[in-house]
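This report describes a single protein chain with its ligand. The sequence and the structure are shown first.

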Amino acid sequence: MKIYGAETTTDEVLEGVNLQGRHFMVTGASSGLGEETVRALSSAGATVTMVARNSDKLDAAADRIRTSVPNADLQIGLVDLADLSSIRTYAENVLQDQAPIDVLINNAGIMACPFMTTKDGFEMQFGTNHLGHFLLTNLLMPAIRSGQSPRIINLSSAGHTHADVNLDDPNFETSEYNAWESYGRSKSANIHFTRELVRRYGNELQSFAVHPGVILTELGRHLTPELMQEMVERVKARSTSSAEAKETGGLPFKSMEAGAATQVWAATTDDLKESNGAYLGDCKVGVEGGNPSENGYLPYIYNEDTAKALWSLSEQMVQQQFPAN
Ligand SMILES: NC(=O)c1ccc[n+]([C@@H]2O[C@H](COP(=O)([O-])OP(=O)(O)OC[C@H]3O[C@@H](n4cnc5c(N)ncnc54)[C@H](OP(=O)(O)O)[C@@H]3O)[C@@H](O)[C@H]2O)c1
């Protein structure tokens with residue numbers, strides 16, 4: 001087993017790995033970590049379906065990838081994760097093609113936006129980050145189950161430490177909206193979803209939740225100066241290794257290539273078979289109570305009852321039950 005860490009890059013993870021004949025689907029592939037994930041997987045020979053909601057942005061990202069990987073085998077999928085009907089239409093088309101999906105990387109995300117709702121009336125961060133991926137994944141399950149050693153990777157975050165899911169008020173109807181609390185709930189949901197997938201599907205598939213680190217991407221597009229300041233203070237307070245970290249404005253930013261490395265590792269390594277369902281960070285298995293800026297997580301994200309209850313609530317919210325038990 002190779003030993004990796006915070007500065008390991010996507011290309012280092014994939015050194016000597018041949019992904020020809022493997023089909024990956026990556027949501028949120030039109031920028032940031034999603035785009036870098038697609039670039040890296042393509043450079044190792046994978047076929048990759050790039051999914052996002054904006055056709056022009058997706059095409060531009062695919063063009064950038066083809067500049068560095070001329071033979072990249074890319075497909076484009078348009079879906080708005082904040083719109084259940086868009087997800088259903090897309091999944092139906094994918095299933096009609098009958099092409100297996102070996103690995104689904106649920107990477108799309110929105111962070112700390114003002115209170116907004118999805119097309120179906122769900123609070124935007126929970127609706128997009130969790131419910132959209134919950135529905136997409138479950139609808140695509142026949143294609144995933146027919147894949148070669150199938151895997152589902154869910155992008156979470158150290159932001160799970162802000163809050164666990166609120167099963168009584170997922171849409172902030174009775175609690176006062178807070179942008180960071182909402183992000184935390186949605187990123188905790190990504191981990192509960194991962195754990196429940198593994199509980200339901202056992203050894204039939206692997207699933208991991210990933211904290212990528214702190215990387216400068218478009219994710220911060222909704223940050224006000226106040227929300228930004230809160231984030232800087234929080235990340236600085238938990239940074240124990242600022243000497244090692246690349247200091248930029250006080251934040252230990254990772255490069256894009258190091259940021260996307262953990263999800264690429266989770267999607268491709270054979271070293272995680274004994275850790276199915278784990279939370280990962282810095283290309284390592286998570287540690288309960290460890291530093292959240294690295295691979296540390298809070299114990300509530302491994303609560304089996306919460307994971308089961310979130311699955312049931314999510315089924316009610318998308319008004320569809322999924323057969324696996
Ligand atoms: N960057 C970090 O420091 C960091 C830290 C922890 C966790 N993460 C997680 O990493 C993941 C990737 O984030 P990133 O930093 O790469 O951010 P990003 O550059 O903003 O990329 C997010 C992607 O998600 C897509 N997306 C957002 N809403 C969507 C929707 N309703 N339907 C379909 N696609 C949608 C975006 O498309 P549009 O441009 O069209 O909106 C974009 O392609 C997220 O899940 C995030 O929570 C990032």
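The sections below treat the overall fold, one helix pair, the ligand shell and one cysteine.

**Overall fold**

The model is predicted. Its secondary structure amounts to 10 helices and 12 strands. The radius of gyration is 18 Å, close to the 20 Å that the globule rule gives for 325 residues, so the protein is as compact as a globular protein of that length. Along the principal axes, the C-alpha atoms occupy a box of roughly 50 × 45 × 40 Å. Half of the chain lies in the interior by the neighbour count: 50% of the 325 residues count as buried. Of the contacts between residues at least 6 apart in sequence, 75% join residues at least 24 apart.

**Packing of helices 5 and 10**

Two packed helices are described by the angle between their axes and the distance between the axes. For helix 5 (residues 124–145) and helix 10 (residues 304–318), the angle is about 85° and the axes are 10 Å apart. Helix 5 is therefore roughly perpendicular to helix 10, since angles of 65 to 115 degrees fall in that class. On the side of helix 5, the contact is made by Leu 131, Phe 134 and Leu 135; helix 10 contributes Ser 314, Met 317 and Val 318. By character, these contact residues comprise 5 nonpolar, 1 polar and no charged.

**Ligand shell**

The ligand is surrounded by 28 residues, of which the closest are Gly 28, Gly 32, Ala 108, Gly 109 and Thr 217. Helix 2 (residues 32–43) supplies the largest share of this shell, with 3 residues. The composition of the shell and that of the helix contact are set out below.

| Group of residues | Nonpolar | Polar | Charged |
|---|---|---|---|
| Shell around the ligand | 12 residues | 12 residues | 4 residues |
| Contact of helix 5 with helix 10 | 5 residues | 1 residue | no residues |

**Surroundings of Cys 113**

Cys 113 is placed in the loop between strand 4 (103–106) and helix 5. Is this residue, Cys 113, buried, partly exposed or exposed? Cys 113 has 17 C-beta neighbours inside 10 Å and therefore counts as partly exposed; a buried residue would need 20 or more, and an exposed one 12 or fewer. Apart from neighbours within four places in sequence, Cys 113 is in contact with Met 124, Gln 125, Ala 179 and His 222. The C-alpha atoms of Cys 113 and Trp 180 are separated by 8.7 Å, although the two residues are 67 residues apart along the chain.

Note on methods. Residues numbered from 1 in each chain as written. Predicted model: local features only at pLDDT ≥ 70, side-chain atom pairs only at ≥ 80, totals over all residues. Axes fitted to C-alpha atoms, helices over the stretch in contact; angles between N-to-C directions. Helix = DSSP H or I, 4+ residues; strand = E, 2+ residues; numbered from the N terminus. Parallel < 35°, antiparallel > 145°, perpendicular 65-115°, else oblique. Contact = placed C-beta atoms within 7 Å. Nonpolar A, V, L, I, M, F, W, Y, C, P; charged D, E, K, R; others polar. Near = placed C-beta within 6 Å. Rg over C-alpha atoms; globule rule 2.2 N^0.38 Å.
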